[in-house]
Amino acid sequence: MKAFADLYAALDETTKTNEKIAAMSSYFRSAPPADISWAVHFLIGRRPKRLIPTRELAAWAIEEAKIPEWLFGESYQAVGDLAETIALLLPPAQATSSRPLHEWVEQRLLPMRDWDDRARRESMIEAWREMSDRQRFAWNKLITGEFRVGVSQNLVVRALAEASGVDANVLAHRLMGDWQPTPDFATEILAKTTGDADVSRPYPFCLAYPLEGTVEELGPVHEWQIEWKWDGIRSQLIRRQWRTFLWSRGEELITDRFPELAAAGALLPEGTVLDGEVLPWKDGAPLPFTEMQRRIGRKELGSKILAEVPVVLMAFDLLEHGGQDARERSLEWRRAELERIVAAAGPESHLLASPLVEGASWEELQRTREEARSRGVEGFMLKRRGSPYRVGRRRGDWWKWKINPYSVDAVLIYAQPGSGRRASLFTDYTFGVWDQGELVPFAKAYSGLTDDEIRQVDAFVRNHTIEKFGPVRRLKPELVFELAFEAIQRSSRHRSGIAVRFPRIARWRTDKKAEDADTIETVRALLPPG
Amino acid sequence: MDNLLERQPDGLYCAAGGFYIDPWNPVERAVITHAHADHLCPSSKRYLCTRAGEALLRARIGSEGLIEAVDYGASVTFDGVRVSLHPAGHIRGSAQIRLEYRGEIWVVSGDYKLDADSTCAPFDPVPCHTFVTESTFGLPIFRWLEPTEALAAINAWWRGNRQAGKASVLFAYPLGKAQRVLAGVDSSIGPIYTHGAVETFNRLYRDAGIALAATQYARSAPPKTDWTGALILAPPMAKTAPWLRRFGDFSTGLASGWMRIRGTRRRRSIDRGFVLSDHADWPALLTAIRSSGARRVWVTHGYRAQLARWLEESGLEAHAIDTQYEGERDDAELPSDEAEP
């Protein structure tokens, strides 16, 4: 646990990628396999479910720190992170635990599920007393299920590759899927030989960067394959050894959520992996994504919702063919095989091949792109002809060329403190637009400002609070921001009658006064007809 | 009896003696705890401060204004109010101000710390009836390690950067904190350069005979200076200045009590935070308040409502007083004292 807590501190202390990789690879070189498995498990963001309710954990810490409850609350407010607040408040550490990470996890953390409150409390207090400050913090993070260190899976893979000498692509693949953090797993992922057996294991997704600069800079249009950019759930549909698996990009096995696609798997040849977007689809066109959210929200998938919101897999790539990794084949080869496979599955299969968009010039495509909104897509995907299927987010071969987002000028009307990195600053904002002389809440946004602007807005919030409701401040309506968002829908759940997708702050309109902000009528005019 | 001090629009005012303590607007007569900008407003007619703090005060207010300086412990009487200044341990020349009038004793502690600091006289508890305390770090989450540990961490970071072929840029309050670092770092690791704001105060400290590691004003370094392995001390506001570019590959650090909280460090995108403060942490605030023997406490700048409530619950009479003091700010509105040496 000491080495792991030190690793956590080292990762937390630097913003530099190379230093993070160096810290991890030095850990992987020296830690026992049983610890490495757990470390990888946590580092790539798999976390145990919250084992102890916040209230209980806080109560035990309050007792141990010998402070009143209100003072704990004030401290939490200042720190913004429960695990950290507790670590800071506990009496000064007297010891350092030398137990290895896997012992802490397997003997003290996982069994908590089955213990009663008294046993949990005793175990927690005992743990705190055995640990140093750093260990307490890392431990609390594991217990609260909020373990995040700002390393991507890609960085963990690079560090493992550095420590083991195994190719990073192979490692990335081994880390996918539903593995268990056993000592064998660590031995297996760091093994030089490839005996990769897991039939359900998906490939790392190739991700696109948003287009920078002008599209003409990409060179001649004929070097690119162009598809619509669909707004669904990015997924891989896997058919191996007569079984079907559907994985989301969040690496969640979602086969059960989409019985249509579970059935479609049976229509694929043995040893096939398709990459695509799961879309709510009816009458040859996508339904709004809010429909998909409605379906995802259901615990039970009744026949009614299945009929109302059917899905398809809009497939656009083929990663495995006849049991062979096809990622190094050219885009054209993969595309041709993909079309053959989808055609063979038949029109009732819920499988579609994402249609290619033709255009003789970028200019012509620019015009075609204007149809995106009416087609219910987000713009174009541009893929370099001849390119392989790459691992993760790489510049160069795949670009997303989105249509410009909608934008509205809105007034900052409520603010509340953020959490984590943004603790003790007001960073969560609610914006309003005018409705008959009144500002109605219209969207919430958390991102888009620079650190410097955040500090300025924070100072404004502190000096222009009209009313407080718990942590929420109602503000004097003065600051105007341009909000951008991707889609807009009618909604009965929002006071404004409108729901927007991915709202964020595009810029601070210091040139505008509150009365210059947009009205609800202007916003309604953006709604799709219907 | 009436309060010896009252909170007026211009600051804490002693009506019986006709003077202000650390006013935030110009007044007739100001008694000053220390020379940080939030406690020292220029353009008052007369100032009273410690002899140790006089040069710093003068550097801050310019040539206007009359300064009367007294030794620690010596007293001056204004209209029957006996005023004396006692070490606060915050920065060089910092004082707690003791007021005595008709048997009633108040102590205004200004900013203070109890930790060891070779650049200033150590905090000296002064018995009183009413104690006016700061509360910059008035929550129990603020607990400092030994200052020697923070300095050892700075040395280790500097040494590591030197080995990695990098410069080390350490941001620290230019008056007080920077000199405390210079008095404590291991100067055998490499050369030390300074930003102008830091160098100005270094000179004043050295003039007073305080031992600081040798430094060189960065701007006067010859062109093509190799900054690898150097420690560069700069005010936090220099973080975004183009001034930094000359140092090539460097790691950044910030020495501040706020570095106790991860969020504040991460938000500022600083590589390393060093918990080193010239203010009292929570245990030290409670110790200082207890050792004053006061039954009544006024709590100013910081977590004043929280500290006042804690004191009330511990059986003292406590009031949260709204002032314009700021305590330890490691961001934005630092005084614009980028004076050239």
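**Close-up 1. How chain A splits into domains.** In this predicted model, the domain assignment cuts chain A into three pieces: domain 1 covers 2-144, domain 2 covers 206-402 and domain 3 covers 406-524. Take the C-alpha centres of domain 1 and domain 2 of chain A, and you'll find them 40 Å apart.

**Close-up 2. The hairpin of β17(A) and β18(A).** Here strand β17 (residues 465-469) of chain A runs antiparallel to strand β18 (residues 472-475) of chain A, with four bridges joining them. Look across from A:Glu467 and you meet A:Arg474, which sits in β18(A). Two residues lie between the strands of this hairpin, and A:Gly470 has a positive phi near 55°.

**Close-up 3. Helix α7 of chain B and its cover.** Helix α7 spans residues 304-313 of chain B, and its buried residues are B:Gln306, B:Leu307, B:Ala308, B:Trp310 and B:Leu311. What covers them comes from both chains: chain A brings in α5 (69-79), while chain B's part includes β11 (130-135), α6 (282-292), β18 (296-302) and β19 (317-320). Just past the end of α7(B), B:Gly315 takes a positive phi of about 95°.

**Close-up 4. B:Val181 and its neighbours.** B:Val181 belongs to helix α3 (residues 177-184) of chain B. Buried or exposed? B:Val181 counts as buried because its relative accessibility is 0%, and the cut-off for buried is under 20%. Leaving out residues up to four places away in sequence, B:Val181 touches four leucines: B:Leu151, B:Leu170, B:Leu233 and B:Leu276. Another residue to pick out in this view is B:Ala255, which is 74 residues from B:Val181 in sequence but 8.7 Å from it in space, C-alpha to C-alpha.

**Close-up 5. The second largest pocket.** This pocket has a volume of about 1,400 Å³. Its lining counts 44 residues, and the ones closest to the pocket centre are A:Asp133, A:Arg134, B:Leu145, B:Arg260 and B:Val275. Both chains help to build the lining: α1 (2-13), α6 (82-89) and α9 (133-144) of chain A each supply at least two residues, as do α2 (147-163), α5 (262-267), β17 (272-274) and α6 of chain B. Which element gives the most? That's α1(A), with seven residues. Sorted by class, the lining of this pocket has 22 nonpolar, 17 charged and five polar residues.

Terms used. Residues numbered from 1 in each chain as written. Chains lettered and ligands numbered in written order. Predicted model: local features only at pLDDT ≥ 70, side-chain atom pairs only at ≥ 80, totals over all residues. Heavy atoms only, no water. Domains from an automatic or database assignment. Buried < 20%, exposed > 50% of the residue type's maximum accessible area, 1.4 Å probe, protein only. Contact = heavy atoms within 4.5 Å. Pairing = 2+ DSSP bridges. 1 Å grid on protein atoms, 1.4 Å probe; cavity = no way out; pocket = protein on both sides within 12 Å on 5 of 7 lines; lining within 4 Å. Points joined across faces, edges and corners; volume = space filled by probe spheres on them. Nonpolar A, V, L, I, M, F, W, Y, C, P; charged D, E, K, R; others polar.
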